[in-house]
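Student: Please take one part of this structure and go through it closely. I would like to know how it is built and what it touches.

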Amino acid sequence: MVMTRSEHIAQGGTDRCPRVFVKIPAYTPENIPDDIDLMYACGRCMYLAAALHRSIGWPISVVLNDGTDDAYIDHAWVYNPADAMMFDINGCYPESRNGFITQGSVVMADLSEDELFHLTMKTSGRPMARVEWDAEVDDALVMVDQFFRSQVAMAIEEAPESTQEPTRRNPRWEMDEQTL
């Protein structure tokens, strides 16, 4: 799917998004509906990054757009520092394919979920209580379970010893692992 910024805004999206959205066919599950793909590519990527951080334990990275007085998060994802793989709505793929990182980008890496929450509150136009944040991340965890279950399981299985432990795995994954 490719969508221009004006098409995105016409569908009710924010103008604080990249100019073009592109699914990466080799990595993006085909069964993700376009509206969910767009939702987590632009505007809710920080909740998905927090959900993946809870699931896999990989640290969080963000690209900040600070070219104006009002800095904001362009995109958030998790990454594995051991092999430079990243995970976002496009799935798990080499960080070198991240189209949000351009020359001169402000990239913040190795963030915890708490740091992402505080950065989001600092750069967001709308304050949010932690309970609302947790509800958004819980919604993202449901989406991760529905569309990325096998990629998350593989990431956990293949994670090197130095990777952080997941802070909260989805109980359905643990239940399935026990029944196998």
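Tutor: Helices (H or I, at least four residues) and strands (E, at least two) are DSSP runs, numbered from the N terminus. The model is predicted, so local features need pLDDT of at least 70 and side-chain atom pairs count only at pLDDT 80 or more, while totals for chains, interfaces and linings use all residues. Residues are numbered from 1 along each chain as its sequence is written, and side-chain values use heavy atoms, with hydrogens and water left out.

The part chosen here is helix H3, residues 45-56. The setting comes before the detail. The protein chain has seven helices and seven strands, in the order β-α-β-α-α-β-β-β-β-β-α-α-α-α along the sequence. Of its 180 residues, 46% count as buried (under 20% relative accessible area; exposed is over 50%, partly exposed in between, with a 1.4 Å probe and protein chains only). Among contacts (heavy atoms within 4.5 Å) with a separation of 6 or more, 63% join residues 24 or more positions apart.

H3 itself has twelve residues. From its first C-alpha to its last it reaches 16 Å, close to the expected 16 Å (1.5 Å times one less than the number of residues). Twelve of the twelve residues of H3 are buried. The list of buried residues in H3 includes Cys45 and Ile56, and also His53 and Arg54. After H3 comes Gly57, with a positive phi near 95°.

Now the neighbours. H3 packs against helix H5 (residues 130-147) at an angle of about 70°, and the axes are 8 Å apart. Axes are lines fitted to C-alpha atoms, for helices over the stretch in contact, and angles run from 0 to 180 degrees between N-to-C directions. H3 and H5 are therefore roughly perpendicular (65 to 115 degrees; under 35 is roughly parallel, over 145 roughly antiparallel, the rest oblique). On the H3 side, the residues that meet H5 are Met46, Tyr47, Leu48, Ala50, Ala51, Leu52, Arg54 and Ser55. On the H5 side, Trp133, Asp134, Glu136, Val137, Asp138, Ala140, Leu141, Met143 and Val144 take part. This contact of H3 with H5 consists of twelve nonpolar residues (Ala, Val, Leu, Ile, Met, Phe, Trp, Tyr, Cys and Pro), one polar (the others, Gly among them) and four charged (Asp, Glu, Lys and Arg).

A second partner of H3 is helix H4, residues 113-123. The axes of H3 and H4 come within 10 Å and cross at roughly 170°. That makes H3 roughly antiparallel to H4. Here Met46, Ala49, Ala50, His53 and Arg54 of H3 meet Glu113, Leu116 and Thr120 of H4. The residues of this contact of H3 with H4 divide into four nonpolar, two polar and two charged. Met46, Ala50 and Arg54 of H3 appear in the contact with H5 and also in the one with H4.

Helix H5 also holds Gln146, which is exposed, with a relative accessible area of 53%. Its C-alpha lies 9.1 Å from that of Ile32, 114 residues away along the chain.

One last point concerns phi. Most residues other than glycine have a negative phi. Ala84, in the loop between strand S4 (72-80) and strand S5 (85-88), has a positive phi of about 60° and is partly exposed at 39%. Asp110, in strand S7 (residues 106-111), also has a positive phi of about 60° and is exposed at 52%.
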